[in-house]
Amino acid sequence: LIPGMALDLTTNDTDGKPWDFNDPLKRSKAEDLVRSKKALLLIGSSMCAAFSQIQNLNYARMSPKDVEMVKDYGRKHLEFCMHLYEIQHQNQLYFLHEHPYGASSWSEQCVKNVMEMTGVHKVRSHMCSFGMQQTDNLGSALIKKATGFMTNAPAIAEALSEKCDGQHQRIRLAGGRASRAEVYRDEMCFRLFKS
């Protein structure tokens, strides 16, 4: 495979600054890239801090102003991702959006608008089906991690629609393990690009 580009907070643009979609200059540059039809498949995700169920536990320890700031920051990022997917769809190219299945981001209007576009599918997957593991005090075991995928590529939706068979021991995502479960297994990536 020819390597793609990562436009997220963990990678820097040529100016040395991260691809923060709350920055108007970064949004403009990313949109130019998408409009120029550089990517057959655009993959995105919401910011977990704003929408995850686990984050709700942290909100109780934060001021209402700080909670709203985190949510607003994540919402702007999410809205821009949806905007890029709409452009990709209009260009008759593909997109894939990922976020935990129970995250509140799926209820945001901008996400609902994309889900209503012709040919868009949302599927539920369990990451243990792709071999995702963690370690606790008893050793290594699989993680179920119910994950939602939204895409306009039917073959990708089918390849990622994998459910737990319930025939194995699993570790719960608690005690700091959730952040370590953000990196997906090679098996999932292989099935994605094979489709």
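Helices and strands here are DSSP runs, at least four residues for a helix (H or I) and at least two for a strand (E), numbered from the N terminus. With that in hand, color your view by secondary structure and trace the chain: the order is α-β-α-α-α-β-α-β-β-β-β-α-α-α. That adds up to 8 helices and 6 strands. Keep in mind that you're looking at a predicted model.

**Whole chain.** Before zooming in, take in the overall picture. Of the 195 residues in the chain, 38% are buried. If you like contact maps, take the contacts between residues at least 6 apart in sequence: 69% of them join residues at least 24 apart.

**Stop 1: α1 against α4.** Select residues 24-35 for α1 and 64-90 for α4. The two axes come within 9 Å and cross at roughly 20°. Angles under 35 degrees count as roughly parallel, so α1 runs roughly parallel to α4. The crossing is right-handed. Now show side chains: α1 brings Arg27, Ala30, Glu31, Val34 and Arg35 to the contact, while α4 brings Phe80, His83, Leu84, Ile87 and Gln88. By type, that makes 5 nonpolar, 2 polar and 3 charged residues.

**Stop 2: the cores.** Which residues have the most contacts inside the largest nonpolar core? Select Met82, Phe95, Val111 and Met150 and you have them; the core itself has 23 residues. Elements giving two or more residues to this core are α1, α2 (48-51), α4 and α5 (109-115). The biggest giver is α4, with 7 residues. Another core lies apart from this one, with 11 residues that include Phe149, Ala153, Ile156 and Leu160. As background, nonpolar side chains in soluble globular proteins tend to be buried together.

Stay on Phe95 for a moment and show its surroundings. Leaving out residues up to four places away in sequence, Phe95 touches Leu41, Leu42, Tyr85, Gln88, His89, Val114, Met117, Val120, Met150, Thr151 and Asn152. You've already met Gln88, on the α4 side of the contact with α1.

**Stop 3: Arg75.** Go back to helix α4 and pick Arg75. Is this residue buried, exposed or partly exposed? With a relative accessible area of 23%, Arg75 is partly exposed. Setting aside neighbours within four places in sequence, Arg75 is in contact with Phe51, Glu68 and Glu108. For a distance label, try Arg75 to Ser105: their C-alpha atoms are 8.2 Å apart, though 30 residues separate them along the chain.

**Stop 4: Ser107.** Next, select Ser107, in the loop between β2 and α5. Ser107 is exposed, with a relative accessible area of 51%. Phe51, one of the contacts of Arg75, serves as a reference point here too: the C-alpha atoms of Ser107 and Phe51 are separated by 9.9 Å, and the two residues are 56 apart along the chain.

**Stop 5: Gln92.** Move to the loop between α4 and β2 (94-100) and click Gln92. Check the backbone torsions: phi is positive, about 60°, although Gln92 is not a glycine. Most residues other than glycine have a negative phi. Gln92 is also exposed, at 70% relative accessible area.

**Last stop: Asp165.** Finish in the loop between α6 (154-160) and α7 (177-180), where Asp165 sits. Its relative accessibility is 51%, so Asp165 counts as exposed. Draw one last C-alpha to C-alpha line, to Cys128: the distance is 9.1 Å, across 37 residues of sequence.

Technical notes:
Residues are numbered from 1 along each chain as its sequence is written. This is a predicted model: local features need pLDDT of at least 70, side-chain atom pairs count only at pLDDT 80 or more; totals for chains, interfaces and linings use all residues. Side-chain values use heavy atoms; hydrogens and water are left out. Axes are lines fitted to C-alpha atoms, for helices over the stretch in contact, and angles run from 0 to 180 degrees between N-to-C directions. Angles under 35 degrees count as roughly parallel, over 145 as roughly antiparallel, 65 to 115 as roughly perpendicular and the rest as oblique. A crossing is left-handed if the near helix is turned anticlockwise from the far one by less than a right angle, and right-handed if clockwise. Contact means heavy atoms within 4.5 Å. Ala, Val, Leu, Ile, Met, Phe, Trp, Tyr, Cys and Pro count as nonpolar, Asp, Glu, Lys and Arg as charged, and the others, Gly among them, as polar. A nonpolar core is a set of buried Ala, Val, Leu, Ile, Met, Phe, Trp, Tyr and Cys residues joined through side-chain atoms within 4.5 Å. Buried means under 20% relative accessible area, exposed over 50%, partly exposed in between (1.4 Å probe, protein chains only).
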